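Visitor: I should like to be guided through this structure by question and answer. Please show it first, and then let us begin.

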Amino acid sequence: MPSTSPQSRRTALLGLSTSGALLALGALAEAAAATAALPRSGGATRMPVIFIGHGSPMNAIRENAFTRSLRDWGASLPRPAAILSVSAHWLTNGVTGVGIQARPRTIHDFSGFPDELHQMQYPAPGAPELARQAAAAVKQRTVHGTDRWGLDHGTWTVLRHLYPKADVPVFQLSIDYDQPAAFHHSIGRELAALRERGVLILGSGNVVHNLRATERHLPEAAEASRPWARGYDLAVKRALDTRDDQALIGWQQLSMFAAQAVPTPDHYYPLLYAVGAAEASEPVRHVFEGFHSGTLSMRCVQFG
């Protein structure tokens with residue numbers, strides 16, 4: 001069976017976060033802090049914030065309503081100076097990392113999928129200077145730069161539809177899986193300043209994600225096959241529409257279906273980065289709604 005299990009990712013990345021592979025920015029981040037405090041520069045367009053329910057890696061090569069909506073969405077967005085992606089597939093323990101590569105590699109962090117998918121590349125450039133500015137923008141902890149990660153499938157499988165030419169610089173920020181939901185929301189708030197420099201902040205996960213309860217034989221559909229998946233997805237939508245950030249942070253109490261819909265929060269946390277980076281007064285647009293494999297919410301949202 002194809003696999004992208006969160007447990008295997010956590011095990012692999014535990015070594016990454018404790019072996020010295022993450023390079024402390026230290027004085028570099030301090031020097032960039034002055035830059036981070038500046039208003040938008042060079043006439044940059046203030047970018048919206050987006051969240052994408054990325055689903056299966058197979059969406060990279062599938063033609064369906066979801067991938068068509070991504071292409072249309074990308075065409076409607078202002079062109080970013082760079083994209084900061086917070087993906088459910090880069091989890092670290094006790095540390096927050098940021099990719100500082102000039103040419104981030106395409107990571108095929110899955111197994112059991114067709115060779116066509118494993119051979120696919122997304123050769124977007126990195127954005128080392130903006131990555132350093134992102135690190136400096138986070139005041140509550142030191143963010144560490146690394147060249148040991150890249151663009152995992154939570155990032156490149158959706159960007160190849162949003163920006164198929166791979167000509168927009170991209171860098172990733174890791175999710176410290178040891179931290180609670182409020183921490184991830186607050187990091188998003190601190191990263192919001194990057195929007196003024198033309199950075200598109202992207203959260204990539206799924207608001208309902210229980211791989212043990214997927215029904216892979218089912219086609220893409222507007223409605224979930226199970227009441228608990230539909231119920232939790234709608235609870236998230238209501239909280240987004242009313243900008244009830246505290247309800248979204250308290251995801252375990254958001255709905256009676258939380259335990260089934262979010263058995264582990266790795267795919268939920270990217271939403272909190274997007275919500276945190278969006279102002280409470282900004283309009284919320286549900287760009288795509290629907291389910292894959294019966295219970296996997298593909299909800300996509302734009303703020304601003």
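Visitor: Which residues line the largest cavity?
Guide: This is a predicted model. Rolling a probe the size of a water molecule over the atoms reveals where empty space remains. The lining of the largest cavity is made up of Gly99, Gln101, Pro104, Gly126, Ala127, Gly150, Leu151, Val170, Phe171 and Gln172.

Visitor: How much space lies in the largest cavity?
Guide: A search of the whole structure for cavities of 30 Å³ or more finds one. The space in this largest cavity is about 40 Å³.

Visitor: Which strand gives the largest share of the lining of the largest cavity?
Guide: By class, the lining has five nonpolar residues, five polar residues and no charged residues. The largest share, three residues, comes from strand 7.

Visitor: How many strands does the chain have?
Guide: The chain consists of 304 residues, and 61% of them are buried. Its secondary structure includes eleven helices, and the number of strands is 13.

Visitor: Among contacts between residues at least 6 apart in sequence, what percentage join residues at least 24 apart?
Guide: A contact here means heavy atoms within 4.5 Å. Among contacts in the chain between residues at least 6 apart in sequence, the share joining residues at least 24 apart is 82%.

Visitor: What share of the area that the chain exposes do carbon and sulfur atoms supply?
Guide: The area exposed by the chain is about 11,800 Å². Carbon and sulfur atoms supply a share of 53%.

Visitor: Is asparagine 206 buried or exposed?
Guide: Asparagine 206 is placed in the loop between strand 9 and helix 8. Not counting residues up to four places away in sequence, asparagine 206 touches Phe51, Gly53, His54, Gly55, His267, Tyr268, Leu296, Ser297 and Met298. The relative accessible area of asparagine 206 is 2%. Buried means under 20%, so asparagine 206 is buried.

Visitor: How many residues apart in sequence are the parts that arginine 46 and glutamate 279 tie together?
Guide: Side chains of opposite charge can pair when their charged atoms come close. Arginine 46 and glutamate 279 form a salt bridge, with their closest N and O atoms 2.9 Å apart. Arginine 46 lies in the loop between helix 2 and strand 2, and glutamate 279 in the loop between helix 11 and strand 10, so the parts they tie together are apart in sequence by 233 residues.

Visitor: Which class of exposure applies to arginine 46 and to glutamate 279?
Guide: The relative accessibility of arginine 46 is 26%, and the relative accessible area of glutamate 279 is 37%. The class between under 20% and over 50% is partly exposed. Therefore arginine 46 and glutamate 279 are each partly exposed.

Visitor: Are aspartate 176 and arginine 141 buried or exposed?
Guide: The side chains of aspartate 176 and arginine 141 meet in a salt bridge, at 2.9 Å from N to O. This pair links distant parts of the chain, with aspartate 176 in strand 8 and arginine 141 in the loop between helix 5 and strand 6. Both aspartate 176 and arginine 141 are buried.

Visitor: Which residue is the salt-bridge partner of arginine 299?
Guide: Arginine 299 is buried, with a relative accessible area of 2%. Its partner is partly exposed, at 36% relative accessibility. The two side chains meet at 2.7 Å, N to O, and the partner of arginine 299 is glutamate 289.

Conventions:
Residues numbered from 1 in each chain as written. Predicted model: local features only at pLDDT ≥ 70, side-chain atom pairs only at ≥ 80, totals over all residues. Heavy atoms only, no water. Helix = DSSP H or I, 4+ residues; strand = E, 2+ residues; numbered from the N terminus. Buried < 20%, exposed > 50% of the residue type's maximum accessible area, 1.4 Å probe, protein only. 1 Å grid on protein atoms, 1.4 Å probe; cavity = no way out; pocket = protein on both sides within 12 Å on 5 of 7 lines; lining within 4 Å. Points joined across faces, edges and corners; volume = space filled by probe spheres on them. Nonpolar A, V, L, I, M, F, W, Y, C, P; charged D, E, K, R; others polar. Areas by Shrake-Rupley, 256 points an atom, 1.4 Å probe, with all protein chains shown as cover. Salt bridge = Lys/Arg side-chain N within 4 Å of Asp/Glu carboxyl O.
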